[in-house]
Amino acid sequence: MRVRAVELADREQWLRMRSDLWPESPEDHPREIDMYFRGESGEPVAVLVADRGDTLIGLAELSIRAYAEGCSTQNAGYLEGWYVDPDHRGQGVGRALIEASEAWARAQGCVEFASDTELDNESSRKAHLACGFTETGLIWCFIKTL
């Protein structure tokens with residue numbers, strides 16, 4: 001297995017994993033992926049993928065945020081999306097993606113790396129903790145249509 005930057009040839013496999021990760025908005029994924037490859041999107045700033053030969057088995061979508069919950073510095077590296085195919089979980093793929101993501105963030109001048117997950121996503125919480133993240137708090141988010 002190797003971790004590397006996503007390439008245009010990976011588009012369909014990236015779309016598959018993104019759709020598995022965020023199934024609630026499948027119509028947005030093709031447009032956002034195409035914007036990324038055209039250099040037109042603000043986020044993600046970088047995308048790393050884990051592959052085994054010609055098959056992608058995981059991804060990390062990254063950005064730099066001016067503010068991240070729990071961080072004491074500005075411009076924290078941020079894990080916007082993290083996915084490993086179910087058949088490859090528990091084999092170090094997720095950890096390899098996190099390590100490569102941290103290296104990317106350090107190269108951007110970041111001294112903190114942050115992430116989030118839904119309150120009910122216990123498997124993601126455990127995976128974050130196993131990779132050295134520290135919980136900084138729990139929040140409820142609200143919206144009101146005006």
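These are my notebook entries on a few places that I looked up in this predicted model.

**Entry 1: two helices that pack**

I began with helix α1, which covers residues 11–21, and helix α2, which covers residues 29–38, and I found that they pack at an angle of about 135° with their axes 10 Å apart. An angle between 115 and 145 degrees falls outside the roughly perpendicular and roughly antiparallel ranges, and α1 and α2 are therefore oblique to each other. I also noted the hand of the crossing of α1 and α2, which is right-handed.

I then wanted to know which residues of α1 meet which residues of α2. On the side of α1 I listed R11, W14, L15, R18 and S19, and on the side of α2 I listed H29, P30, E32, I33, D34, Y36 and F37. When I sorted the residues of this contact by kind, they divided into 6 nonpolar, 2 polar and 4 charged.

**Entry 2: salt bridges**

Next I turned to charged pairs, and a search of the whole structure gave 14 salt bridges. I looked at three of these pairs in turn, beginning with R2 and D51, whose closest N and O atoms are 3.0 Å apart. R2 lies in strand β1 (residues 2–5) and D51 lies in strand β2 (residues 46–52), so this pair ties together parts of the chain that are 49 residues apart in sequence. I checked how open each partner is, and R2 is partly exposed with a relative accessible area of 48%, whereas D51 counts as buried at 2% relative accessibility.

The second pair in my notes is R4 with E7, a salt bridge in which the closest N and O atoms are 3.9 Å apart. Here R4 is buried, with a relative accessible area of 14%, while E7 counts as partly exposed at 43% relative accessibility. I asked myself which residues are linked with R2 and R4 in a network of salt bridges. The network that I found takes in R2, R4, E7, D10 and D51, and both of the pairs described so far have their residues in it.

The third pair is R125 with E135, whose side chains meet in a salt bridge at 2.4 Å, taken from N to O. R125 lies in helix α4 (residues 122–130) and E135 lies in the segment after α4, so the pair ties together parts that are 10 residues apart in sequence. Both partners are partly exposed, R125 with a relative accessible area of 32% and E135 at 45%.

**Entry 3: a backbone angle at N75**

I reminded myself that most residues other than glycine have a negative phi. With that in mind I stopped at N75, which is not a glycine and yet has a positive phi of about 60°. Where along the chain is N75 found? I placed N75 in the loop between β3 (55–65) and β4 (76–84), and I recorded N75 as partly exposed, with a relative accessible area of 43%.

**Entry 4: buried residues of β3 and α3**

My next stop was A60, which lies in strand β3. Is A60 buried or exposed? A60 counts as buried, because its relative accessibility is 0% and the cut-off for buried is under 20%. Not counting residues up to four places away in sequence, A60 touches A46, V47, L48, L79, G81, L97 and S101. I also took the spacing from A60 to E112, which are 52 residues apart in sequence and 16 Å apart in space, C-alpha to C-alpha.

From A60 I followed the contact to S101, which lies in helix α3 (residues 93–107) and which counts as buried at 0% relative accessibility. Leaving aside its neighbours within four places in sequence, S101 is in contact with L48, A60, L62 and F113.

**Entry 5: G58**

I finished in strand β3 with G58, which is buried with a relative accessible area of 0%. I asked which residues are in contact with G58, leaving aside its neighbours within four places in sequence. My list for G58 reads M17, L48, V49, A50, Y83, V84 and L97. Lastly I noted that G58 and P86 are 28 residues apart along the chain, and that their C-alpha atoms are separated by 9.5 Å.

Definitions and conventions
Residues numbered from 1 in each chain as written. Predicted model: local features only at pLDDT ≥ 70, side-chain atom pairs only at ≥ 80, totals over all residues. Heavy atoms only, no water. Axes fitted to C-alpha atoms, helices over the stretch in contact; angles between N-to-C directions. Helix = DSSP H or I, 4+ residues; strand = E, 2+ residues; numbered from the N terminus. Parallel < 35°, antiparallel > 145°, perpendicular 65-115°, else oblique. Left-handed = near helix turned anticlockwise from the far one by under 90°. Contact = heavy atoms within 4.5 Å. Nonpolar A, V, L, I, M, F, W, Y, C, P; charged D, E, K, R; others polar. Salt bridge = Lys/Arg side-chain N within 4 Å of Asp/Glu carboxyl O. Buried < 20%, exposed > 50% of the residue type's maximum accessible area, 1.4 Å probe, protein only.
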